Amino acid sequence: MLRKFKWLLGLIFIVVAVASFTIYFTFRASLPMLEGNITSASVAQNILLERDKNGNATLTAENRLDLAYATGFIHAQERFFQIDLTRRMASGELSELFGPIALEMDKSNRLHRFRARASEAIAFMSDDNKALLKKYVAGINDGLNNLGSKPFEYWLLQQEPRPWTEEDSFLVIYAMSLTLQSGTIDAEKHKYFLEQSLDQRLANFLLPSRTEWDAPIQADAVPWKPQEIPSSDVLQSHKGKLTFLQTEDSPIPGSNNWAVSGALTKTGAAMLSNDMHLGISAPATWFRLRLKLIDNSLDISGVSLPGTPLIVAGSNGSVAWGYTNAFVDTSDYIELKLNPVFDQQYMTQNGYKDFVIHSEEIKVKGSEPVTLDIRETIWGPVYDFGTAEKFALKWVVHQPQAINMGLIRMEQVKTVKGAMETAASNGVPAQNAMLTDRDGNIGWVHFGVLPNRKSGNYERPGDWSNGSLGWDGWLSSDDQPKVYNPIQNRLWSANSRVVSGVDFAKVGDGGADIGARQQQIRDGLMQLGEDLVEKDLYAIQLDNRAIFWERWQQQLLSVLKNSSDEKFTPFVKEVDGWGGRAAVSSVGFRLVKNYRKAVNEGLMGYLTAPCVEKFASCDYKKATHLMESPLWRLVDQKPDGWLPAEFNDDWQAFFEGMIRVAWGPVLSGDIALKDYIWGEQNRSFIQHPLSRSVPFLSLLTDMPDVMQDGVHEKMPHISGHRFGQSERIVVSPGHEEDGLMNMPAGQSGHPLSPYYGAGHNDWLEGKMTPFLPGKTKWSFHLVPALK
C-alpha cells in the first residue's frame, strides 16, 4: 500500500509538473519578439525596432508607410488583448468574449452603432491616410500572427483572437470618445430631470454656471458674485427626511496641461506640461513610442494609443502638444413630437418621418444571440430617459467628419500657429490642446470639430421639428476660440471653463469641472519666475496642497470646538494640525475630506430627493460638477428652513450628525484614530482586466497596491484606486533630451516580459525619468520579402 501510495504521489507530481511546464511555455510563447529578423511582404524597406530596458520603443524606417506597419506590429505584439477589449467595448461586442455578464454594457454601447459609423468615417478620409491606416492594420495582424502562441488571455477565456480591421482602429477612438464625453451626454439629461422635478428657483440655485473657483484663461468681463439663497418655500414639496446621494463619487476623465513661453525658460524654447487623467489598469493606456525616418524628415516622440497609428501627445522637435478634456457642448437632446395616430413616426421640418430601425445582433458566449432594435432619427438614435417623452441624441462623434486620422499633420507642423490651423480637422474628441514651439511661442485651441448651432437655447432638450433649432455645419478654424502668446507668458487648463463671453457662447458647457484644480495650477504658474527648467513644471504635477478643503477644515474645526460631545475631543488636534496636504500620513486630511463628503451627500441628497422620486435614475452628481458653490453658500450662511425636519433647523446638530456618518469606523473603535491616515483610503489598485476573475492571475499581472499622495479631484496631483495621471510629460520642443515622462504599469501586456511593469515605481514615487527612450537593449528588423 505504501509503494502504491508513493507511486500515486509520484504520478500526481509528474502530471502537475507537466501541466505547469505546458502552461508556462504556452504563456511564454506569446511573448513579443525582442531580437532577430522577420520577413514581411507588407514592408518596402528595412525597419529597425529598438527597445530600451523599460521596453520604450524607437522605430526607424525609410518611409512613413513602413513606420505605420511597424507601429501596428509592435502594438499587436505587446498589447493585442487590450486593444481587442477596447474595440469590443465601443462596438458592443464584449459579450462574445465574456458572456451575459457584459450584455447590458453591450446594449448601451451598441446604441451608437459605432462599427457602422466607422465605415462611414473611413470613406471621408484622404487616400494617403487610408493607405497609412491599411499599413497599420497589416502590421497589427502580422504582429499577432508572428507571436509563438495567441496572447495568454485567450487561452484563459478559451477564445480565438479575431483579425484587426480598419474599422477597428476607429472603434478605439470611439471608445476614447465614450470615456471622455459620456459625462457631457449625461449632464444635460440629469439637469432636465432636476428642472422637471424641483421648484425652478431651487433648480437654478443647485445648477450654477459660474463659481468662485473659476480660472479661465480668458478673463470674465463681469466678476463672480455669490448666489442668492432662495426662500425656504422652494422646499415645500420635500418630505423633510434626511436622504443621502446614492451614487459614488466618479473621477472626472480629464487632465492637466499648461505651458510657459520662451521668455520664462532657460533655453528660450516654450515648455509644455501634460498629465492626462484616465482609468488605469495593467498594462497602461498609452504606449511610449519614438518614430524616425532615416532622412531626418520625421523624429517624433510621445505616447501612442494602441489600436491607432499616430502619436497622440508629444513633440516633433518643433512643436510639442498635450491635452485636457474640453467639456464643451458636443451633444444635444431633441424632444421628439410623435405622430398621435402612429407612434412610429416623428415630426420634422418636412413633416412626419418614419423611424429607421436597425436590428443589431449581439453574440453572447454560452447563450443565444440577442437582437437589439435601434430606432434612428435624422438627428441620431432615440435615447431612453425612462420617461413617457421620447428624445433623440445628436452627438458630434456620430458624424462621419468627426473622427479621422487628421492628427498626422501634427508630425510636420513647425509652429504653434501652424498647429492651430489644423485644429478643427484633427479628428479627435474635443480637447483643450496646449501648444508650444521651439521659437518660444505658446497657444491654446480646441482640437476636434465643434458644432455651429443656430441661434437658440441648447442647454436642455428642445423641439427641433420646425427647423428653428439645429446645427448649421461646423465652427471653422477662424471661428474657433484660441489664445496665442498671452501677455502673462503662461497658459493653463484642467477640464474647467477656459473661455468667456462670446467664445464661451460658441462652444457651450459640456459639464465642465469646478475650477479648483485649474485655479491652483494657474496660481502655481504665476509664482514661477524665469530661467525655468523641466523640473519646475513637473513639481506642479505633484502639487498635493489641499487648497480646496482649507475652508472646510476651518469650518469643521469650529464645529468640533462648539460641540458638547466629548467623543469629538481627540479629533480637534488632528484637524487643527492637518498639514494642508493630501499626504499619505495625514489623519487630518482624511477627516476633513470625508466630513465634507458627508455634508455634501446628506444636504444635497435631501434637496434633490424629489428628483429621485420622480426619475429613478436622477443623479445630481452627473448633472453638475459645480455643486460646491451652492453647498458652501448653505453651509456658510446656515439659512432657516433648509435642513431635514429631524434637525429642527439646528445646523450644529446637522454638522455633528454628518461627522458621525463620516467618521463612523473611528468613533466606533474599529479603526484607531492614529491609523486613520489618508494613504489607507487612497491606495492604488491597478489590475489586469482579468485578474479579479481568474484565480491567482493577480500575482502575475497586478501592480502592488500602494498608499498614494494626492486625491482623485480638485488638486493638481490626481490619484485614485484605479484612476489617475495616465502619463506625465514635461518637454520643450527642440530639447527633448531634457524632457521628462512617467507612465504607470509599463509598456508590456505580458507578465513574463523582462520589462513588465517597468517604470511603474518611478511613476508612483514621482521620480523624474527621461522623455526619450534610453539606450537600446533589444533590437530586431522587419525586412521586405524577396520578390
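**A bent helix against an open sheet**

Helix 2 contains 28 residues, yet its end C-alpha atoms are only 29 Å apart, whereas a straight helix at 1.5 Å a residue would reach 40 Å. The model is a predicted one. A bend goes with this short span: helix 2 has a kink of about 95°, centred on arginine 79.

The two ends of the helix can be looked at next. At the N-terminal end, asparagine 63 acts as the cap of helix 2, with a side-chain oxygen 3.2 Å from the backbone nitrogen of leucine 65. Just after helix 2 comes glycine 92, which takes a positive phi of about 70°.

Now the surroundings. Of the 28 residues of helix 2, 25 are buried, so the helix is largely enclosed by the rest of the structure; buried here means under 20% relative accessible area.

Part of those surroundings is a sheet. It is open and mixed in its pairing, with 11 strands in the order 1-27-2-3-6-7-8-9-18-19-22. Strand 1 (36-40) and strand 22 (482-484) each have a single partner strand, so they stand at the edges and one side of each lacks a neighbour in the sheet. From one strand to the next, the twist averages 25°. Helix 2 (residues 64-91) packs on this sheet and touches strand 1, strand 2 (47-51), strand 3 (57-61), strand 6 (287-293), strand 7 (299-304) and strand 27 (778-784). The direction of helix 2 makes about 155° with that of strand 6.

Elsewhere in the sheet order, strand 18 (residues 431-437) pairs with strand 19 (residues 442-447) in the antiparallel sense, over 6 bridges. Within this pair, glutamine 431 stands opposite phenylalanine 447 of strand 19.

Notes: Residues are numbered from 1 along each chain as its sequence is written. This is a predicted model: local features need pLDDT of at least 70, side-chain atom pairs count only at pLDDT 80 or more; totals for chains, interfaces and linings use all residues. Side-chain values use heavy atoms; hydrogens and water are left out. Two strands pair if DSSP finds at least two bridges between them. Helices (H or I, at least four residues) and strands (E, at least two) are DSSP runs, numbered from the N terminus. Axes are lines fitted to C-alpha atoms, for helices over the stretch in contact, and angles run from 0 to 180 degrees between N-to-C directions. Contact means heavy atoms within 4.5 Å. The expected span of a helix is 1.5 Å times one less than its number of residues. The bend at a residue is the angle between axes fitted to the seven residues ending there and the seven starting there. Buried means under 20% relative accessible area, exposed over 50%, partly exposed in between (1.4 Å probe, protein chains only). A polar contact is a pair of N or O atoms within 3.5 Å; within protein, one must be able to donate a hydrogen and the other to accept it, and residues adjacent in sequence count only if both atoms are side-chain atoms.
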